[in-house]
Amino acid sequence: MFEDSLVDSGGRLKTNSKYWVWATLCLNLCIVAALIIYPLLYPEALPKTAMTAMLTAPPPPPPPPPPPPPAAVVKAIKVVTVSDAMTVPKIPKKIVDTKQDAAPPQQVTVAGMQGMAGGSAGGVLGGMMGGVGNGPPVVVKAAPPKPSGPARISGGVIAGNLLEKTTPIYPPIAKQAHVQGAVVLHAIIGKNGTIQNLTVISGNAMLTQAAIDAVKQWRYKPYLLNGEPTEVDTTVTVNFSFGSGG
């Protein structure tokens, strides 16, 4: 009998424990579901600080600093002051009486002296000292200064004063080389018409010496300047060509 009771109780105990496990599991699931569904249905029940922390977006990053302003350029302004041209002249309070000097005495003219001497061209017969004649005043021309150094005369002009001309001898070496052309010489002619100095300006070297030897013997008529013979600075051209001596 005792054993039957033990067996019955064991079966009962096992049957009751199964029910209690499933009942507890369902209760726990209901509690967890209620905790999850309730905030979704009533969000105002949640703490505000937590909601704001969850929903508020982070602030944007600060903008970059603006570029520095450009340096100001200082332009120098030149101030020009213009004086007033229409200034009123200052009038002195006292007027000083200044006396003018007496006029200088009249000078004696040549025409007046001629009139005093008995009258002539430009004077008045019986005129007084300092009188002015009717004619134009007498102008005394000064003699022109004498030129210093030789007078510069062109070769064409001085060729008209040539009195004696010696024909140059054609150098044989120049003939063999078939050299011809003109030799230009710079000459100083003295007051008596003789050649004083000769220098070569241009010409072939084979012909220059023959030209100098011939021109040294030339004679000119003295060149007159203001009626007086003078030295002449000029040029002489000697032509060498085949078929002529010079």
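Is Asn 161 buried or exposed? In this predicted model, Asn 161 counts as buried because its relative accessibility is 14%, which falls under the 20% limit used for that class. The residue is found in the loop that links helix 4 (155–158) to strand 2 (162–164). Leaving aside residues up to four places away in sequence, Asn 161 touches Arg 219, Tyr 220, Lys 221 and Tyr 223.

**The sheet**

Elsewhere in the model, four strands form an open sheet with mixed pairing, in the order 1-8-3-4. Strand 1 (151–152) and strand 4 stand at its edges, and each has a single partner strand, so one side of each is left without a neighbour in the sheet. Two of the pairings, both involving strand 3 (residues 181–189), are set out below.

| Strand pair | Sense | Bridges | One bridge pair |
|---|---|---|---|
| Strand 3 and strand 8 (residues 232–240) | antiparallel | nine bridges | Ala 182 with Asn 239 |
| Strand 3 and strand 4 (residues 195–202) | antiparallel | six bridges | His 186 with Thr 199 |

Strand 3 and strand 4 also form a hairpin, with five residues between them, and within this turn Gly 193 has a positive phi of about 90°.

**The helix and the core**

Helix 6 (residues 205–215) lies across strand 3, strand 4 and strand 8, and its direction runs at about 40° to strand 3. These elements also meet in the nonpolar interior, as the makeup of the core shows. The largest nonpolar core holds 23 residues, and among its members Val 215 and Phe 240 touch the most other members. Strand 3, strand 4, helix 6 and strand 8 each supply at least two residues of this core, while helix 6 gives the most, with five residues. In soluble globular proteins, nonpolar side chains tend to be buried together.

Which residues does Val 215 touch, not counting residues up to four places away in sequence? Under that condition, its contacts are Leu 185, Ile 195, Leu 198, Val 236 and Val 238. Val 215 belongs to helix 6, whose residues are 205–215, whereas Leu 185 lies within strand 3, residues 181–189. Ile 195 and Leu 198 fall within strand 4, residues 195–202, and Val 236 and Val 238 fall within strand 8, residues 232–240.

How values were computed. Residues numbered from 1 in each chain as written. Predicted model: local features only at pLDDT ≥ 70, side-chain atom pairs only at ≥ 80, totals over all residues. Heavy atoms only, no water. Pairing = 2+ DSSP bridges. Buried < 20%, exposed > 50% of the residue type's maximum accessible area, 1.4 Å probe, protein only. Contact = heavy atoms within 4.5 Å. Axes fitted to C-alpha atoms, helices over the stretch in contact; angles between N-to-C directions. Core = buried A, V, L, I, M, F, W, Y, C linked by side-chain atoms within 4.5 Å.
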